[in-house]
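Me: Please choose one part of this model and take a close look at it. Then work outwards to what surrounds it. Keep the sentences short.

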Amino acid sequence: MERTQVAIIGGGPAGMLLSHMLHLDGIDSVVLERQPRDHVLKRIRAGVLEHGTVKLLRDVGLGERMAREGHAHDGTWIAWEDREPFLIDTKRHTGKQMWSFGQTAITEELYRVRARDGGRLIDDAGQVVLHELTGDRPWIGFEKDGAAQRLECEFVAGCDGFHGVSRGSLPGELLRTFERAYPFGWLGVMSETPPLGDIMYAQHRRGFALASQRNAMLSRYYIQCDLATKLEDWPDDRFWEELKRRFPPDIARKIVTGPSIEKSIAPLRSFVAEPMSYGRLFLAGDSAHIVPPTGAKGLNLAVSDVFYLHRGLVAQIRRNDGRYLERYSETALRRVWGAERLSWQLTKLLHVFPDDDDFTRRVNLNEFDHLQASAAAQAALAEQYVGLPFEDLAANP
Ligand SMILES: Cc1cc2nc3c(=O)[nH]c(=O)nc-3n(C[C@H](O)[C@H](O)[C@H](O)COP(=O)(O)OP(=O)(O)OC[C@H]3O[C@@H](n4cnc5c(N)ncnc54)[C@H](O)[C@@H]3O)c2cc1C
């Protein structure tokens, strides 16, 4: 049997960041991760960071590699077929920049600092079950190397992603879920080629495309695809050709192609589970919500959840002040719904839906023209895109 103050289920970015931040405040945690470490460290996912995420990572000592390998952006471009490209200018409207820096690198950094600081992580942990969440002493049962184990704790952080066990540990009569599945996915390619200077969305009658990046020699490109798409039908040449058809010709010419080092298909989904807490269990990150990647919000929401949860746990454990933990779910959900709304809005605006008719196309075009013409609309979008500030309790006493 092991004991800790906070048992963290899931060693993705949410779980590892929480563990690191708790350590900085002298609070002990144990992370239980279902997968082997190699698997977690190889996963390729997000790469666009909000201003607040960048600041928080710097504040907790994780800024050095990001400064070296990441790249600041004044915003993201939208290349709209037959229109002038438009910049969601976060620098101009909010004074803040976005950053491109890969989730894979952030996860590597988190594993490095937790190992350096003697953090306890049990990987390859199977059959995780959460017990006695409404009592003073919750505990986690799990299997390691075929043997049953028990981890006792004061609090449980459910950071085990969309397919984890934590969300399902809330009683059915308490849990409410809200969901929207989209009738398409993103086919993504990673290549060791110099990226376009800017992050750029493309709206096109053939479907959405995105040019993104992780570092100076790592590019990430996506195209909207049918849900039935098979990877074997998309050799690199076909992917590059289709990608370039969706960007304006002068931009397509600048795209440097090369062999893919990773290729995958991700379905798009919006999902929120409420509440994000039950007894001594607190959900954070993808275990409680999923956004379509269009708004680049998923990883950023995981970080803001961790900001709120860390603040609540420190106040409770260090000062016996329960105000923040009691309000954790409602505070986190306000930001979650803001990101859900923006991600849904951008997805609707930029993708081709199978049932789109001329009316929808005209409305979307008008929304884009309004953005081009209205400083107020630009400022509203830029404010949400760069990320709303983390809330203090004083704002909603
Ligand atoms: C293709 C793609 C592109 C994306 N692009 C962006 C982007 O540009 N910007 C952005 O902000 N976000 C993006 N996201 C979303 C982002 O990657 C996620 O929101 C982020 O990984 C959430 O972190 P997390 O720690 O909450 O969950 P995860 O990263 O899913 O980590 C959860 C961990 O829990 C473990 N686990 C699961 N079940 C159990 C269990 N039963 N017991 C123990 N451990 C368990 C898993 O193995 C995993 O390691 C993208 C996602 C995808 C798929």
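Reply: What follows starts with one strand and then moves outwards.

This is a predicted model: local features need pLDDT of at least 70, side-chain atom pairs count only at pLDDT 80 or more, and totals for chains, interfaces and linings use all residues. Residues are numbered from 1 along each chain as its sequence is written, and side-chain values use heavy atoms, with hydrogens and water left out.

The part is strand E17, residues 218-225. Helices (H or I, at least four residues) and strands (E, at least two) are DSSP runs, numbered from the N terminus.

Is E17 buried or exposed? Eight of its eight residues are buried, so E17 is largely enclosed by the rest of the structure. Buried means under 20% relative accessible area, exposed over 50%, and partly exposed in between (1.4 Å probe, protein chains only). The side chains go two ways. Leu 218, Arg 220, Tyr 222 and Gln 224 point one way from E17. Ser 219, Tyr 221, Ile 223 and Cys 225 point the other way.

Which strands pair with E17? Two strands pair if DSSP finds at least two bridges between them. Strand E16 (residues 209-215) runs antiparallel to E17, with six bridges joining them. A hairpin of two residues connects E16 to E17. E14 also pairs with E17 in the antiparallel sense, over seven bridges. Now follow Tyr 222. Its bridge partner in one pairing is Leu 210. Gly 188 also stands opposite Tyr 222.

Step out to the whole sheet. It is open, has eight strands, and its pairing is mixed. The order is E7-E6-E15-E16-E17-E14-E18-E21. Strands E7 (86-89) and E21 (289-290) are the edges, each pairing on one side only. Strand E14 (residues 176-191) is joined to strand E18 (residues 260-274) by 13 bridges, and these two run antiparallel. There, Met 190 stands opposite Glu 262 in E18. Past E18 comes a loop that leads to strand E19 (277-278), and Pro 275 is found in this loop. The peptide bond from Glu 274 to Pro 275 is cis, with omega near -5°. Most residues other than glycine have a negative phi, and most peptide bonds are trans.

Next, the nonpolar cores. A nonpolar core is a set of buried Ala, Val, Leu, Ile, Met, Phe, Trp, Tyr and Cys residues joined through side-chain atoms within 4.5 Å. In soluble globular proteins, nonpolar side chains tend to be buried together. The largest core here has 68 residues. Val 6, Leu 17, Leu 49, Ile 140, Leu 309 and Leu 313 have the most contacts inside it. Helix H9 (residues 298-319) gives the largest share of this core, 10 residues. A second, separate core has 28 residues. Tyr 222 belongs to this second core, along with Ile 88, Leu 268 and Ala 377 among others. That brings us back to E17, where Tyr 222 is one of the buried residues.

Finally, the empty space. On a 1 Å grid over the protein atoms alone, a cavity is a set of points where a 1.4 Å probe fits but cannot get out. A pocket is an open set with protein on both sides within 12 Å along at least five of seven lines. Lining residues have an atom within 4 Å of a point. Grid points are joined across faces, edges and corners, and a volume is the space filled by probe spheres set on the points.

How many cavities of 30 Å³ or more are there? The count comes to four. The largest has a volume of about 80 Å³. Helix H11 (residues 328-350) gives the most to its lining, four residues. Glu 50, Lys 297 and Arg 335 are among the lining residues.

The second largest pocket holds about 370 Å³ of space. It is lined by 18 residues, and the closest to its centre are Trp 80, Glu 81, Gln 203, Arg 205 and Arg 361. Helix H12 supplies the largest share of this lining, six residues. By class, the lining has five nonpolar, five polar and eight charged residues. Here Ala, Val, Leu, Ile, Met, Phe, Trp, Tyr, Cys and Pro count as nonpolar, Asp, Glu, Lys and Arg as charged, and the others, Gly among them, as polar.
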